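Reader: I'd like a close look at just one part here: where do the charged side chains pair up, and what surrounds them? Take your time and keep it chatty.

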Amino acid sequence: MNQPISLEAINAMAPYIVHFTQDGLLRFKTDFGVIITIDFIEDDLVTTDESYQIILANANKKKSPNDEKVKDTVLAITTQFLEEHQSALIYLCETNDGKQLARERLFKTWINAYDYGTRFFCMFTSIVDSEGINNAAAIIIRNDNPNLREIVNEFTEVSETLRQKP
Amino acid sequence: MDKTQNQKREEILKRLESTRERKRKRLAEMEEYLRKAYKEEFGVEPKYVGAL
């Protein structure tokens, strides 16, 4: 991760202990033997302001039950990133393995469970790629971002333009 | 869709592809790390490694 983020602050909020890997990924291990990594990398979809995309990956041996501590840890990391960066954060659902619906549901559950009320603005949409595949997407922005309206307008325009057939 | 709209669409598709390419690259690095880390931690290969 190229962007600074305070592990101390994350670990004050997160139920799982989060570490940095040597490669700069955020990493934690769950009670059910799952290792999860998170990173924030630059995004090109939003150009009106600085924007990043969040990437989550995991390694496991069997399907875990619904783990509230994973949700709370991911939200602690996301919140801390947004506390330290007044930029737009984009989640673009991975579609290459046919599991996008499950991913979308999970991410929506996590975000909707979060009381971002007056601090953050969040919008879900879908982005149709060149192959006509619907990619679930979300954007989260701090409410005090002076470019909030422009960013949301641009993200909406991206989504609407790609929905139209050429 | 008129020509201007088509140009805009093409430009957005390029940005989308660039964003996804960057993500694919980083995801591949993450998966490589996760395979290694899981084996070190649990002594066995993970059954599933991938995006969440």
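**Salt bridges and their surroundings**

Author: Let's start where the two chains meet: 8 salt bridges turn up across the interface of chain A and chain B (each one a side-chain nitrogen of Lys or Arg within 4 Å of a carboxyl oxygen of Asp or Glu). Keep in mind that this is a predicted model, in which local features need pLDDT of at least 70 and side-chain atom pairs count only at pLDDT 80 or more, while totals for chains, interfaces and linings use all residues. Residues are numbered from 1 along each chain as its sequence is written, chains are lettered from A and ligands numbered from 1 in the order in which they are written, and side-chain values use heavy atoms, leaving out hydrogens and water.

Over all chains the structure has 19 salt bridges. A good one to begin with is Lys29(A) with Glu41(B), where the closest N and O atoms sit 2.6 Å apart. This pair joins two chains, because Lys29(A) is in strand 2 of chain A and Glu41(B) is in helix 1 (residues 3-42) of chain B. (Helices, H or I of at least four residues, and strands, E of at least two, are DSSP runs numbered from the N terminus.) Both partners are partly exposed: Lys29(A) has a relative accessible area of 37%, and Glu41(B) has 35%. On this scale buried is under 20% relative accessible area, exposed is over 50% and partly exposed is in between, with a 1.4 Å probe and protein chains only.

Another cross-chain pair is Arg26(B) with Asp39(A), at 2.5 Å from N to O. Beyond the salt bridges, 26 residue pairs make polar contacts across the interface, both residues being at pLDDT 80 or more. (A polar contact is a pair of N or O atoms within 3.5 Å; within protein, one must be able to donate a hydrogen and the other to accept it, and residues adjacent in sequence count only if both atoms are side-chain atoms.) On chain A, the side touching chain B draws at least two residues from each of strand 2, strand 3, strand 4, strand 5, helix 3, strand 6 and helix 4 (148-163). Sorted by class, that side has 22 nonpolar, 13 polar and 16 charged residues. (Ala, Val, Leu, Ile, Met, Phe, Trp, Tyr, Cys and Pro count as nonpolar, Asp, Glu, Lys and Arg as charged, and the others, Gly among them, as polar.)

How much surface is involved? The chains bury about 4,000 Å² between them, with 58% of it on carbon and sulfur atoms (buried area being the accessible area, 1.4 Å probe, that two parts lose on being put together, summed over both). Asp44(A), Asn58(A) and Lys61(A) supply 15% of what chain A buries against chain B, more than any other three residues. In head count, 51 residues of chain A and 33 residues of chain B take part in the contact (heavy atoms within 4.5 Å).

Now for salt bridges inside chain A. Asp72(A) pairs with Lys71(A), the closest N and O atoms being 3.8 Å apart. Asp72(A) is partly exposed at 33%, whereas Lys71(A) is buried at 13%. Glu104(A) and Lys108(A) meet at 3.4 Å, N to O. These two both belong to helix 3 of chain A and sit 4 residues apart, about one turn of the helix. Glu104(A) is partly exposed at 24%, and so is Lys108(A) at 31%. Some salt bridges share partners, and these join Asp23(A), Asp39(A), Arg26(B) and Glu29(B) into one network.

One more charged residue deserves a stop: Arg142(A), in strand 7 of chain A, is buried at 16% relative accessibility. What does its side chain reach? A polar atom of the Arg142(A) side chain lies 2.9 Å from the backbone oxygen of Leu82(A), and the backbone oxygen of Glu83(A) lies 3.0 Å from a polar atom of that side chain. Leaving aside residues up to four places away in sequence, Arg142(A) also touches others, including His85(A), Arg119(A) and Leu148(A).

Leu82(A) itself lies in helix 2 of chain A and is buried, with 1% relative accessible area. Its C-alpha atom is 7.6 Å from that of Ile141(A), although the two are 59 residues apart along the chain.
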